[in-house]
Amino acid sequence: MTATPKRTVLLALDASPAARYALDYFLETSYRPDKDHLVLMSVADDAQTSIGVFEDMIAVPGDDDQRKELEAQIAKDTLAIVQEAERIVLQKYEKAQVSSETYAVKSDEPRDAIVDTAADLHARLIVMGSRGNGALKRALLGSVSDYVVHNAPCPVLIVHQQDEKEEKEE
Ligand SMILES: Nc1ncnc2c1ncn2[C@@H]1O[C@H](COP(=O)(O)OP(=O)(O)OP(=O)(O)O)[C@@H](O)[C@H]1O
Ligand SMILES: [Mg+2]
């Protein structure tokens with residue numbers, strides 16, 4: 001008897017509380033440890049480095065070391081996001097039950113990296129927050145979630161986190 005292939009679920013995570021909320025929501029409502037394979041993915045944005053380089057260039061023109069240091073820090077932060085997510089899953093479920101892998105990658109287009117990875121891995125579901133760490137608070141969806149929902153090769157679960165404080169302020 002051949003085992004049924006697992007459902008690959010790609011969780012797209014940045015450092016925002018919205019992404020963490022999406023992970024928690026998925027685990028509580030849809031996760032089936034025996035049937036799902038989790039891909040915990042975070043993409044380091046190349047733009048983050050360019051901004052840093054720009055700032056560095058004002059202070060110390062042409063300092064490559066600072067750029068490298070910044071890149072290393074971003075890589076570390078990105079890895080920390082997916083490792084923390086995996087830790088959260090493993091805290092809730094027995095290690096032997098969980099099938100997961102972590103992807104901490106770098107791309108100048110995080111949204112394409114998410115869509116392409118979902119296609120490459122034949123993901124059957126993408127899970128993400130509606131907002132992230134970006135500044136455009138008034139839009140319903142951030143640019144990454146908006147792009148992914150329109151271009152993904154599979155269904156996308158966008159978890160909207162109601163921010164009471166923000167609602168009152170508007
Ligand atoms: N770099 C990333 N890597 C992985 N997932 C991401 C990344 N950026 C965003 N996401 C996912 O997309 C969700 C929505 O974030 P998005 O970036 O679209 O909104 P935003 O940050 O508020 O707006 P914007 O980035 O357009 O300023 C996040 O909750 C997270 O699940
Ligand atoms: Mg964002």
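Let's start in the middle of the sheet pairing, where Leu 11 stands opposite Val 127 in E4. Keep in mind as we go that this is a predicted model. The two strands involved here, E1 and E4, run parallel and are joined by three bridges. E4 also has a partner in strand E5 (residues 156-159), and these two pair in the parallel sense over four bridges. Within that second pairing, Ile 126 has Val 156 of E5 as its bridge partner. E4 is mostly covered, with four of its five residues buried.

Now step back to the overall layout. The protein holds six helices and five strands, and from the N terminus on they follow the order β-α-β-α-α-β-α-β-α-β-α. It has 170 residues, of which 26% count as buried. If you look at contacts with a separation of 6 or more, 77% of them come from residues 24 or more positions apart.

What sits at the heart of the nonpolar packing? The largest nonpolar core has 33 residues, and Leu 11, Leu 13, Met 41 and Ile 126 touch the most other members. Strand E1 (7-12), helix H1 (17-29), strand E2 (36-45), helix H3 (64-92), helix H4 (110-120), strand E4 (125-129) and helix H5 (143-151) are the elements that give two or more residues to this core. E2 gives the most, with six residues.

Leu 11, our starting point, is a good place to look at those contacts one by one. Leaving aside residues up to four places away in sequence, Leu 11 touches Leu 23, Phe 26, Leu 38, Val 39, Leu 40, Met 41, Ala 85 and Val 127. The last of these, Val 127, is the residue that Leu 11 stands opposite in E4.

Next, follow the chain to helix H4. Its buried residues are Pro 110, Arg 111, Ala 113, Ile 114, Val 115 and Ala 118. They pack against E1, E2, strand E3 (100-107), E4 and H5. After H4 comes His 122, whose phi is positive, near 55°.

Finally, turn to helix H5, where Tyr 147 lies. Is Tyr 147 buried or partly exposed? A residue needs 20 or more other C-beta atoms within 10 Å to count as buried; Tyr 147 has 17, so it is partly exposed. Tyr 147 and Asp 112 are 35 residues apart in sequence, yet their C-alpha atoms are 8.4 Å apart in space.

Note on methods: Residues numbered from 1 in each chain as written. Chains lettered and ligands numbered in written order. Predicted model: local features only at pLDDT ≥ 70, side-chain atom pairs only at ≥ 80, totals over all residues. Buried ≥ 20, exposed ≤ 12 C-beta atoms within 10 Å, placed from the backbone. Contact = placed C-beta atoms within 7 Å. Core = buried A, V, L, I, M, F, W, Y, C linked by C-beta atoms within 7 Å. Pairing = 2+ DSSP bridges.
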